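Here are my notes on the structure, set out as numbered points. Please read them with the model open beside the text.

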Amino acid sequence: MSGAALGLEIVFVFFLALFLLHRYGDFKKQHRLVIIATLLAWYLCFLIVFILPLDVSTTIYNRCRLAVNSSPAESNGSYVTLAPSRQKCFKPWSYIPNGIMPIFWRVVYWTSQFLTWILLPFMQSYARSGGFSITGKIKTALIENAIYYGTYLLIFGAFLIYVAVNPNFNLQWNQLQTIGIAAANTWGLFLLVLLLGYGLVEIPRSHWNGAKRGYLLMKTYFKAAKLMTEKADAEENLEDIMEEVRKVSESIKYNHPLRKCVDTILKKCPTEYQERMGRNMDDYEDFDERQNSYPSEKSLVKLHKQVIYSVQRHRRTQVQWQILLEQAFYLEDVAKNETSATRRFVHTFHSQEPENKIIQYFYTPTVEWYWECLLRPWFYRVLAVVLATFSVIVVWSECTFFSTKPVLSLFAVFIQLAEKTYNYIYIEMACFLTIFFLSICVYSTVFRIRVFNYYYLASHHQTDAYSLLFSGMLFCRLTPPLCLNFLGLTHMDATISHKNTQPTAYTSIMGSMRVLSFIADGFYIYYPMLVVILCIATYFSLGTRCLNLLGFQQFMGDSEMTSDLIDEGKELIRREKRKRQRQEEGENRRREWKERYGNRDDSTRNRVVHTDQKESSFSETNSNRPLSKYTRSNGRTERDRIELLQDAEPLDFNADSINDDPLESEPGR
C-alpha cells in the first residue's frame with residue numbers, strides 16, 4: 001500500500017476538479033487555454049487539501065521511528081524522544097516513502113504560485129481583451145498588467161530592504177525565498193480570515209434556513225424580482241450594442257480594410273441579430289473614404305469587447321431565469337404536497353429533461369413525498385447543528401492555538417490523543433475533516449461572492465473566462481495559508497508548538513518564518529483572532545444591512561423594500577406559471593386533435609386530390625370556352641379553401657402573443 005493512497009487521491013482530486021469546472025465553465029465555447037489553466041489551478045489547490053493529512057500521518061510515524069531508534073543518551077539534540085518506552089511503531093497504511101513528499105510539495109507549491117502571480121493575471125487580460133489578433137491581445141495584456149506586476153515588485157522590494165538593512169540577518173538565497181513565501185502567505189492570510197469568518201456562520205445558517213419552506217420560497221421570489229431587473233437591463237444593453245454593430249456593419253463595406261474585424265464582431269453576435277443585419281446589408285456598394293467617416297480599429301476593439309461582455313451577460317441571465325423558475329415551481333409544489341392525503345408527490349409541470357430510468361424506479365412519487373415533505377427538513381436541521389458545532393470548535397481553536405501549556409486548541413488535543421496510540425486512521429480522518437471543513441467555509445464563500453458583474457461564478461456553464469481565471473487566482477493564494485493555519489491549529493507546525501521535532505514535509509517547503517519575526521510571532525498568531533469579530537458581524541448581518549443602506553437590495557425579513565420585491569417576484573412567478581400552463585394546454589389540444597382526426601384528414605385529402613384530377617380534366621376538355629379561365633380560377637380558390645379547412649388545428653389563445661402594433665410583426669423592415 002506504500003504510495004497507493006497518494007496515487008488514488010491524485011486521480012480522485014483530478015476528476016473532482018474536472019467535474020466542478022464542467023459545472024461552471026463551458027468546454028465547448030471557452031478557449032482551451034482558459035479551461036486548462038483554471039483546471040490546473042483548481043486541481044493543485046484541491047490536491048494540497050487532500051494530501052496534507054497523509055503528510056501528517058507520515059510525519060507522526062517518522063517521529064515515532066526516530067524516537068524508538070535513538071536512546072536519550074544517543075540523542076544529539078536534533079529530535080526529542082516522544083515515546084522512549086515504546087519499542088515498535090506501526091507503519092500507517094498510507095505511508096509515503098521518504099523523499100517523495102518534499103519533491104511533491106515543492107512542485108505543487110511553486111506551480112500554483114507561478115499560476116496565481118504571473119500566468120493567470122496575464123490570461124485574464126488576454127481573455128477580456130477585444131483585440132482581433134494574438135499580437136494585439138498580448139500587447140493589451142502586457143499594458144494592463146504593468147501596474148499589477150509593478151505593485152507586487154514594490155512590496156517584495158520593501159521586504160528585501162528590511163532584511164538587508166537589519167544587521168542581524170545575513171541575506172542568502174534561502175532567506176530570500178522565505179521572504180517571498182512570507183509575503184504571499186501574509187496577503188493570503190489577510191483574505192483567508194475575512195472569508196472564513198463569513199463561511200463559519202453563513203454555511204450552518206443557510207442549512208438551517210433550508211429546512212424552512214416558507215423562507216426558501218420568499219427568498220426565491222426576492223431573487224426573481226432582482227433577476228428580472230438584471231435580465232431587462234441585460235436585454236436593453238444588448239439591444240444598444242447590437243444597434244452600434246449594425247451601424248458599423250452598414251458603414252464598413254465588403255472591400256474596406258477593416259471589414260474582417262467587423263465580420264469577427266458579427267460572429268460573436270446572437271444568430272437572430274446576424275440574420276437581421278445580413279438582410280439589411282448591401283455588399284455591392286464600395287466605400288468612399290473621402291465622403292464617409294469610418295470608425296478606427298481602436299474603436300472596433302472596444303466594440304468587440306463590449307459585444308463579448310453583453311452577449312455573455314444576456315445568455316447568463318436567460319439561463320438563470322429559467323433555472324429560477326424551475327426552482328420556484330418546485331418549492332410551490334412542495335408547499336402544496338405537504339397537506340396531501342395520498343402521500344404521493346404531484347408535480348405541476350413535467351420535467352423538460354428526460355429523467356434517468358434507474359432514478360425513476362427507486363425515486364418514486366411516494367419516496368419523493370416522504371423525502372421532501374418529512375425527512376429533508378429534519379436532515380437539514382441536524383446537518384446545521386453539526387456544522388455549527390464545527391464552527392464553534394474552529395473559532396475557539398483560532399483564538400487559543402498559540403497556547404501550548406496547557407494545550408487549548410481542540411484540534412491539537414484530538415491529534416495528540418491519537419498520536420499516543422498511533423491510530424493513523426483516526427489521525428487522517430480527524431485531519432481530513434478539519435481541513436475539509438475549513439476549505440468548504442473558504443471556497444464556498446469564493447463561489448458565493450459577487451463583485452457586481454466584474455466577478456461572478458454562475459453554475460450551469462454560465463461563468464465567463466475572466467471569472468474562472470480569477471477564481472483560480474484566489475484558490476492558489478488562499479490554499480497555502482489555509483494549510484499553514486490548519487497545521488498551527490493542530491500544533492504540527494514547530495513555529496506554534498515551539499518543539500524541536502521533525503516538521504512535516506509541507507512546513508519544510510515553507511521555510512522557517514523566524515527570518516521575519518514580526519510576522520511569525522505577531523501577525524500569524526494574533527490576526528486569526530479577528531475571525532471572532534467577523535463571525536459576530538456575519539451573525540447579525542451587518543454587511544447585508546450596510547449594503548441595503550447603500551442601495552443594494554439584500555434579502556432582509558424586516559425591510560419594506562424586501563417585502564415589495566417579494567410581492568413583485570411572486571407576481572412574476574405567477575405570470576410565468578400561467579404562461580407555461582397555457583402552452584402545455586395548447587400542446588395537449590393539438591396532440592388530441594391529431595390523434596382524433598389524423599386518419600380522417602388523410603382520407604379527406606385523398607378525396608380532394610381525386611376531385612382536383614377530375615376538375616383539371618374537365619378544364620382541359622373545355623379550354624376553348626371563353627369563361628374557362630374564370631372556372632379554373634374559381635376551382636383553385638375552392639380547393640385552397642378546402643385544404644386550409646382540412647389542415648386547420650385548434651388555436652391556443654395566448655395573451656402574450658397579441659401585438660397591438662402591426663408594424664412590430666416585421667422586425668426586419
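1. Cavities. This predicted model contains three cavities of 30 Å³ or more. The largest cavity has a volume of about 50 Å³. Its lining consists of Y309, Q312, R313, R316, N453, Y455, Y456, D464 and S467. Two elements, α9 and β2 (455-456), give two or more residues to that lining, and α9 gives the most, with four residues. By residue type, the lining of the largest cavity splits into three nonpolar, three polar and three charged. As for how such spaces are found, rolling a probe the size of a water molecule over the atoms shows where empty space is left.

2. The second largest pocket. About 910 Å³ of space lies in this pocket. It is lined by 29 residues, and those closest to its centre are K29, Q30, A127, I308 and A465. Five helices each supply at least two residues of the lining: α2 (32-69), α3 (100-128), α7 (259-268), α9 (297-337) and α14 (465-489). Which helix gives the most to the lining of the second largest pocket? The answer is α9, with eight residues. The lining of this pocket is made up of twelve nonpolar, eight polar and nine charged residues. Helix α9 thus appears twice in these notes, as the element that gives the most to the lining of the largest cavity and to that of the second largest pocket.

3. A residue within α9. S310 sits in helix α9. Is S310 buried or exposed? S310 counts as buried because its relative accessibility is 1%, under the 20% cut-off. Leaving aside residues up to four places away in sequence, S310 touches N237, L238 and I241. From S310 to D240 the C-alpha to C-alpha distance is 9.7 Å, although the two are 70 residues apart in sequence.

4. Overall make-up. The protein chain has 21 helices and two strands. Of its 669 residues, 40% are buried. Among the contacts in the chain with a separation of 6 or more, 79% are between residues 24 or more positions apart.

5. Cysteines. How many disulfides does the structure hold? The count is zero. Two cysteines can be checked for burial. C261 counts as buried because its relative accessibility is 11%, and C373 counts as buried because its value is 12%. Both values fall under the 20% limit for a buried residue.

6. Backbone geometry. As background, most residues other than glycine have a negative phi, and most peptide bonds are trans. The peptide bond that joins K405 and P406 is cis, with omega about 0°. P406 lies in the loop between α11 (365-400) and α12 (410-421). Two residues should be looked at for their phi values. R343, which is not a glycine, has a positive phi of about 55°. R343 is in the loop between α9 and α10 (357-362). Y422 also is a residue other than glycine with a positive phi, near 55°. Y422 is in the loop between α12 and α13 (424-448).

7. Exposure of those two residues. Are R343 and Y422 buried or exposed? R343 counts as partly exposed because its relative accessible area is 40%, and partly exposed covers values between the 20% and 50% cut-offs. Y422 counts as buried because its relative accessible area is 9%, under 20%.

8. Confidence. The pLDDT of the protein chain averages 81, and 80% of the residues score at least 70. Over residues 71-87 the pLDDT is below 50, and this stretch has 21 contacts in the model beyond near neighbours in sequence. Residues 618-669 also have pLDDT below 50, with 38 contacts beyond near neighbours in sequence. Where pLDDT is low, the predicted coordinates should not be read in detail. The contacts counted for residues 71-87 and for residues 618-669 come from stretches with pLDDT below 50.

Terms used. Residues numbered from 1 in each chain as written. Predicted model: local features only at pLDDT ≥ 70, side-chain atom pairs only at ≥ 80, totals over all residues. Heavy atoms only, no water. pLDDT = per-residue confidence, 0-100. Contact = heavy atoms within 4.5 Å. 1 Å grid on protein atoms, 1.4 Å probe; cavity = no way out; pocket = protein on both sides within 12 Å on 5 of 7 lines; lining within 4 Å. Points joined across faces, edges and corners; volume = space filled by probe spheres on them. Nonpolar A, V, L, I, M, F, W, Y, C, P; charged D, E, K, R; others polar. Disulfide = S-S within 2.5 Å. Buried < 20%, exposed > 50% of the residue type's maximum accessible area, 1.4 Å probe, protein only.
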